[in-house]
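This report walks through one protein model for a reader who has not met it before. Please look at the sequence and the structure first, and then read on.

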Amino acid sequence: MSQRPYIVGNWKMNGSRVMLAEARAIDRAAQRYPDVEIALAPPFPFLGPVREAVSAIGVGGQDCHTAAKGAHTGDVSAAMLADIGSDFVILGHSERRRDHGETDALVRAKAEAALAAGLSIIICVGETLEERDAGKAEAVVSSQVEGSVPAGEVAAVAAGRLALAYEPVWAIGTGRVAAVEDVVAMHAAVGARLAAIFGEDADKVRILYGGSVNGENAAGLLAAAGVGGALVGGASLTADAFLPIVAAAS
Ligand code: PEP
């Protein structure tokens, strides 16, 4: 199934209300790129305001809890994200795996909670530099896909609402982009794991690349076989930096 490329900006823990102007500018420009699906994931405090400021792009959270509600101070549930109009949630970003000890099993539980709340999900996977240098990149990423992606009974629902983001940890925020041939090889490996989980429905899952994507390198990455879009950190913080990536996807 051929789908629009998906370009998602992850603002991480950056921004302020001033950045609503950037979201508005991205939203206005989005109307020029109907062939690209565009979305932003601002920090929780700005999620509602960004949602209200835009109409042509998707908006989502950067994490959610496994429970729908309860005694979990500081956490946010998928149901809450859905309630304020979020379309999706990013799960298992390497910064959450690193800073909060998130395991594949936890990411899968969060993914199931998000699906139950009606959200789409973007699950992040990726190897460290040590793992790549040790020749273990494909094994590590395959195992993350197998452990993090919802399977079994919810698989049919999950396939239609899932994007997988391959983000080599060493490429995130470093200015060091993965070589296109390595991206192609890893996306093929991820695609094979998804086919084992979802069968024919695996075609519905877009596999995004993330890691120092910018306006200069986006065209080459997005044209590569198996790349269905990009998850963008630093270059999503301003419309001027983000829109050339969207244009490259168009
Ligand atoms: C990310 O946060 O997912 C990311 C890929 O960051 P950056 O584009 O800054 O490398």
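## Ile7 and the nonpolar core

Ile7 counts as buried because 31 C-beta neighbours lie inside 10 Å, where a residue is called buried if 20 or more other C-beta atoms lie within 10 Å of its own, exposed if 12 or fewer, and partly exposed in between, with C-beta atoms placed from the backbone. This is a predicted model, in which local features need pLDDT of at least 70 and side-chain atom pairs count only at pLDDT 80 or more, while totals for chains, interfaces and linings use all residues. Residues are numbered from 1 along each chain as its sequence is written.

Ile7 has its place in strand β1; strands (E, at least two residues) and helices (H or I, at least four) are DSSP runs, numbered from the N terminus. Leaving aside neighbours within four places in sequence, Ile7 is in contact with Val36, Ile38, Gly229, Ala230, Val232, Ile245, Val246 and Ala249, contact meaning that the C-beta atoms of two residues, placed from the backbone, lie within 7 Å. One of these partners, Ile245, is 238 residues away from Ile7 along the chain, yet the two C-alpha atoms are separated by 7.8 Å.

The largest nonpolar core, a set of buried Ala, Val, Leu, Ile, Met, Phe, Trp, Tyr and Cys residues joined through C-beta atoms within 7 Å, has 81 residues, and those with the most contacts inside it are Ile121, Ile122, Ile123, Leu164, Ala230 and Ile245. The largest share of this core, 7 residues, comes from helix α11, which covers residues 239-249. Apart from neighbours within four places in sequence, Ile121 is in contact with Phe88, Val89, Leu91, Ala111, Ala114, Leu115, Arg161 and Leu162.

## Three helices and their buried residues

The expected span of a helix is 1.5 Å times one less than its number of residues, and the table sets this value beside the distance between the end C-alpha atoms.

| Helix | Residues in helix | Expected span | Distance between end C-alpha atoms |
|---|---|---|---|
| α5 | 13 residues | 18 Å | 18 Å |
| α7 | 12 residues | 16 Å | 16 Å |
| α9 | 19 residues | 27 Å | 26 Å |

In α9, the buried residues are Val183, Met186, His187, Val190, Arg193, Leu194 and Phe198. Seen down the axis of α9, these buried residues fall within an arc of 120°, so they line one face of the helix; the arc is that of the directions from the helix axis to the C-beta atoms. What covers the buried residues of α9 includes α7, α8, β6, β7 and α10, and the helix is followed by Gly199, whose phi is positive, near 60°.

Which residues of α7 are buried? They are Ala137, Val141, Gln144, Val145 and Ser148. Because they cover an arc of only 100° around the axis, they are on the same side of α7. They pack against α5 (104-116), β5 (120-125), α6 (129-133), β6 (162-166) and α9 (180-198).

In α5, Val107, Arg108, Lys110, Ala111, Glu112, Ala113, Ala114 and Leu115 are buried, and their cover includes α3 (78-83), β4 (88-91), β5, α7 and α8 (155-160). Just after α5, Gly118 takes a positive phi of about 90°.

## Loops and exposed positions

Two residues have a positive phi although they are not glycines: Lys12, at about 50°, and Ser212, at about 60°. Lys12 is found in the loop between β1 (6-10) and α1 (20-30), and counts as partly exposed because it has 19 C-beta neighbours inside 10 Å. Ser212, in the loop between β7 (206-210) and α10 (218-222), is buried, with 21 other C-beta atoms within 10 Å.

Pro45, in helix α2 (residues 44-53), counts as exposed because it has 10 C-beta neighbours inside 10 Å. Val184, in helix α9, is partly exposed, with 17 other C-beta atoms within 10 Å. Not counting residues up to four places away in sequence, Val184 touches Ala224, Ala225 and Gly226.

## Around the ligand

Of the 14 residues around the ligand, Ile172, Gly173, Gly210, Gly233 and Gly234 come nearest, a residue being near a molecule if its C-beta atom, placed from the backbone, lies within 6 Å of it. The shell divides into 5 nonpolar, 7 polar and 2 charged residues; here Ala, Val, Leu, Ile, Met, Phe, Trp, Tyr, Cys and Pro count as nonpolar, Asp, Glu, Lys and Arg as charged, and the others, Gly among them, as polar.
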